[in-house]
Every structure is written in C-alpha cells, then in structure tokens.
Amino acid sequence: MYAIVEIAGHQFKVEKDQKVFVNRLQTEEGKKVAFDNVLLIGDGDNVTVGAPAIDGAQVGAKVVKHLKGDKVIVFKKKRRKGYRVKNGHRQSLTEIVIESIVASGAKKAKKEAPKKEAPAKKAAPVKKEAPKTEAKAKPAAKKSSGKPDDLKKIEGIGPKIASTLVEAGIATFAQLAKAEPAKISEIIAEVRGNHVPDTWPAQAQLAADGKWDELKKWQDELDGGKA
C-alpha cells in the first residue's frame, strides 16, 4: 500500500517504514505526528483518489531527527551595475519514518485554535443633564488610539502571516516579543509554507526598543527568519 500525502507544503509518495525528509516540522524528536491531507491511496489494483483529499484517510509517522540539508550557493548579479551578491543556504529539514497508512475511519488531528478575547461589555447609556449656565462644560477626554506596528519588518513574516497574527491579538512588536515561538506556530499553522518563528520574538524586541541598526545587521545573517 502506498499513499500520496501533503506534508509541510509538499506532496510525497510514501509507503510504510519509508524514511522521508520534509521541511522542518515543529514536532519534537521521538514524537509521533499524523497527516490528514491524503490525496491518493493505492492498494494493489485498487486506487482511491480524493477530491481533493480522502475523507477519513491518514498517514502516521514518527519524527526521527531535525537536521539541515546540503549547502546551496545563491548568486545574484546585475549587468553593468556592479551588483554581485553571493549567499549560502542550508534548508532546515526533518527526517520522519512512515509508520501507518489508514484508508478510512481515522480521526483528524485537532489543532488548538488561538483563544479569542471576550468582547468588552458595553456600559449602559447615561442620561446627560443640561449644563448650567454658570458652570462651563468640561471638554471630553481624548481616547488613546494605539496603531499596530508593521510586523512585516520582521525577517520571515509576510503579509499573510502579519494579518493572521493581528487577528489573533498580536499587533505590535512588544506583543510579538512576549509570544512564545510554539504559540506563534499554532497561530500560523493554517498559513501555507514552512515557517520557523524561533527568532521572531527576539527581532521584535529589538524593533520595540528602536534598535533598527542592530536588527538590520542581524537580519542580514538570517534566511527567512531562521539562523
């Protein structure tokens, strides 16, 4: 029996006891993980195709270890501009071993949704008395309106992730600096792609403190928010 399953944004053809290298997962080494987005299952002459995924199908695996792939040289050049940039990149990977392929009846792995704050109760309207001629009416106090920060200035955060964080209540650099990387991974779990938010809180702290030169120097050494 074999299956075609989507793991961390890529599709793989897998069989039981097969070792697969996928984009970095947040699961710790030695723990089990399940993938519900199974697109096709083949068992001899019987082939089941999903639309797009097969309902109730699941591929179970175990995380063996986290590692980095071979170095890839990225060279950029602009003709007649004197512009040349050479960088090296090593992709963050996770080695997993396939333990089971279930064609139907599997329960989907539950993902913890970010907690939403309860809306504040509106105060009952208070009747205003007509101001006396002798006493002057006091000017109404201005409400402080805190504007959200541009989270896209953090290396590794794009427009989709920024809007997802704002919806979850993380709209400023100070709030992002206090968030745990594991919690951030839960919030952006539905965003397509491989995202490693390990350095995001530290970057946000530098931005909140106004240390832009130090942040820019560090970001030049990062690759998509990964060290």
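Two strands pair if DSSP finds at least two bridges between them. Strands (E, at least two residues) and helices (H or I, at least four residues) are DSSP runs, numbered from the N terminus. The model on display is predicted: local features need pLDDT of at least 70, side-chain atom pairs count only at pLDDT 80 or more, and totals for chains, interfaces and linings use all residues. Residues are numbered from 1 along each chain as its sequence is written, and side-chain values use heavy atoms, with hydrogens and water left out.

**First stop: the open sheet**

Select strand β5 (residues 38–43) together with β6; four bridges join them in the antiparallel sense. Within this pairing, L40 has V49 of β6 as its bridge partner. Now add β1 and β2 to the selection: the four strands form an open sheet in the order β2-β1-β5-β6, with antiparallel pairing. At its edges are β2 (10–15) and β6 (46–49), each of which pairs on one side only. From one strand to the next, the twist averages 15° (axes are lines fitted to C-alpha atoms, and angles run from 0 to 180 degrees between N-to-C directions).

**Second stop: strand β10**

Select residues 92–102, which make up strand β10. Eight of its eleven residues are buried, that is, under 20% relative accessible area, where exposed means over 50% and partly exposed lies in between (1.4 Å probe, protein chains only). Which strands pair with β10? Strand β7 (residues 58–68) does so over ten antiparallel bridges, and strand β3 (residues 19–23) is joined to β10, also antiparallel, by five. For a view of single positions, display K65, which stands opposite E95 in β10, and V22, whose bridge partner in β10 is T94.

**Third stop: salt bridges**

A salt bridge here is a side-chain nitrogen of Lys or Arg within 4 Å of a carboxyl oxygen of Asp or Glu. By this rule the count comes to eight. Keep E95 on display and add K19: the two form a salt bridge, with the closest N and O atoms 3.8 Å apart. Because E95 lies in strand β10 and K19 in strand β3, the pair ties together parts that are 76 residues apart in sequence. E95 is buried, at 6% relative accessible area, whereas K19 is exposed, at 55%. With K65 added, a network of salt bridges links K19, K65 and E95.

Next, select K32 and E99, whose side chains meet in a salt bridge (3.8 Å, N to O). This pair links distant parts of the chain, K32 being in strand β4 (residues 32–35) and E99 in strand β10, 67 residues apart. K32 is exposed at 63%, and E99 is partly exposed at 30%.

Another salt bridge is found by selecting D150 and K152 (3.1 Å, N to O). D150 is partly exposed at 34% relative accessibility, as is K152 at 43%.

**Last stop: helix α1 and its surroundings**

Select residues 159–167, helix α1, and colour I161, A162, T164 and L165, which are buried. These residues cover an arc of only 165° around the axis (taken from the directions from the helix axis to the C-beta atoms), which puts them on the same side of α1. On the other side, P159, K160 and E167 are exposed. What covers the buried residues? The cover includes α2 (173–178), α3 (181–187) and α4 (200–208), where contact means heavy atoms within 4.5 Å. Just after α1, G169 takes a positive phi of about 95°.

Finally, select A174 in helix α2, which is partly exposed at 39% relative accessibility. A174 and A208 are 34 residues apart in sequence, yet 5.6 Å apart in space, C-alpha to C-alpha.
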